[in-house]
Amino acid sequence: MNVLTRNFAQNLFKYNGAGLIQAAARSFSTPALDGKEIEKLVHNSKVVIFMKGNPDAPRCGFSNAVVQILRMHSVKYDSHDVLQNEALRQGIKDFSNWPTIPQVFINGEFVGGCDILLQMHQNGELIDELKKAGIESALAKEGEK
């Protein structure tokens with residue numbers, strides 16, 4: 001085995017005490033999307049969600065809760081699955097300075113995650129926030145009847 005091959009193998013594998021080979025843990029980080037790219041996504045629709053999964057198949061309970069809240073209000077929105085793109089996942093966290101997913105934007109402004117959206121839904125603030133964006137909530141229509 002030549003020196004180059006041996007060095008590569010030593011960096012890729014390590015021997016444990018029992019003489020077994022274990023693959024060395026490797027971390028390949030994907031650079032986050034830059035702010036301009038995220039800015040375009042955030043302003044592409046009046047309501048934008050960065051979530052785990054998609055609206056038809058959310059892949060976490062918090063993302064599912066956000067989808068259900070917006071369905072109750074009959075809000076149309078763009079969604080982006082951060083599990084499909086690690087650069088997007090990190091980029092949106094950097095952009096909003098918010099560490100968790102899902103993230104909801106209304107009129108290009110960061111509203112918050114599941115907990116904040118749920119609170120706004122429960123206290124009626126979400127109807128007002130949607131109205132500011134020119135969106136009439138289905139729940140507001142029901143309240144007028």
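These are my notebook entries on a predicted model of a single protein chain.

**Entry 1: the overall count**

I started with the whole chain. I found 7 helices and 8 strands in its secondary structure. Then I looked up burial, and 32% of the 145 residues count as buried. I also checked how contacts spread along the sequence. Taking contacts with a separation of 6 or more, 57% come from residues 24 or more positions apart.

**Entry 2: the sheet**

Next I went for the strands. In which order do the strands of the open sheet lie? I read off β6-β3-β7-β8, so to speak from one side to the other, and noted that the pairing is mixed. The edges are β6 (78-81) and β8, each of which pairs on one side only. On average, neighbouring strands here are turned by 25 degrees against each other, ignoring direction.

I then followed β7 (residues 103-106) to its partners. Strand β3 (residues 47-51) runs antiparallel to β7, and 4 bridges join them. One pair I picked out is Val47, whose bridge partner in β7 is Ile106. With strand β8 (residues 109-112), β7 pairs in the antiparallel sense too, over 3 bridges. There I wrote down that Ile106 stands opposite Glu109 and that Val104 stands opposite Gly112. Ile106 therefore turns up in my notes twice, with Val47 in β3 and with Glu109 in β8.**Entry 3: the turn and the two faces of β7**

How many residues sit between β7 and β8 in their hairpin? I counted 2 residues there, and Asn107 in the turn has a positive phi of about 55 degrees.

I also wanted to know about the two sides of β7. In a regular strand, side chains alternate between the two faces of the sheet. In β7, Gln103 and Phe105 are on one side, while Val104 and Ile106 are on the other. Are these residues buried or exposed? All four names on my list are buried, and both faces of the strand are covered.

**Entry 4: Ile49**

I moved over to β3 and picked Ile49, which lies in that strand. Its relative accessibility is 0%, so Ile49 counts as buried. What does Ile49 touch, leaving aside its neighbours within four places in sequence? I listed Val66, Leu70, Tyr77, Asp78, Ser79, His80, Pro102, Gln103 and Val104. Gln103 and Val104 were already in my notes as buried residues of β7. For Asp78 I looked up the spacing too: Ile49 and Asp78 are 29 residues apart in sequence, but 6.3 Å apart in space from C-alpha to C-alpha.

**Entry 5: two helices crossing**

Then I turned to helices. Two packed helices are described by the angle between their axes and the distance between the axes. I tried this on α2 (residues 35-42) and α4 (residues 86-96). Their axes come within 10 Å and cross at roughly 85 degrees. An angle from 65 to 115 counts as roughly perpendicular, so α2 is roughly perpendicular to α4.

Which residues meet at this crossing? From α2 I noted Gly35, Ile38, Glu39, Leu41 and Val42, and from α4 Leu88, Gly91, Ile92 and Phe95. Sorted by class, the contact has 6 nonpolar, 2 polar and 1 charged residues.

**Entry 6: salt bridges**

I searched for salt bridges and found 2 in the structure.

In one of them, the side chains of Asp56 and Arg71 meet at 3.9 Å, N to O. Asp56 is in the loop between β4 (53-54) and β5 (57-58), and Arg71 is in helix α3 (residues 61-72), so this pair ties together parts 15 residues apart in sequence. I checked accessibility for both partners. Asp56 counts as exposed at 72%, whereas Arg71 is partly exposed at 42%.

In the other, the side chains of Glu129 and Lys132 meet at 3.6 Å, N to O. Where do these two sit? Both are in helix α6 (residues 125-132), 3 residues apart, and are separated by about one helical turn. Glu129 is partly exposed, at 26% relative accessibility. Lys132 has a relative accessible area of 65%, so I put it down as exposed.

**Entry 7: Gln122**

My last stop was helix α5 (residues 114-123), where I found Gln122. Is Gln122 buried or exposed? At 61% relative accessibility, Gln122 counts as exposed. I also looked up its spacing to Ile69: the two are 53 residues apart in sequence, and their C-alpha atoms are 9.8 Å apart in space.

Technical notes:
Residues numbered from 1 in each chain as written. Predicted model: local features only at pLDDT ≥ 70, side-chain atom pairs only at ≥ 80, totals over all residues. Heavy atoms only, no water. Axes fitted to C-alpha atoms, helices over the stretch in contact; angles between N-to-C directions. Parallel < 35°, antiparallel > 145°, perpendicular 65-115°, else oblique. Contact = heavy atoms within 4.5 Å. Nonpolar A, V, L, I, M, F, W, Y, C, P; charged D, E, K, R; others polar. Salt bridge = Lys/Arg side-chain N within 4 Å of Asp/Glu carboxyl O. Buried < 20%, exposed > 50% of the residue type's maximum accessible area, 1.4 Å probe, protein only. Pairing = 2+ DSSP bridges.
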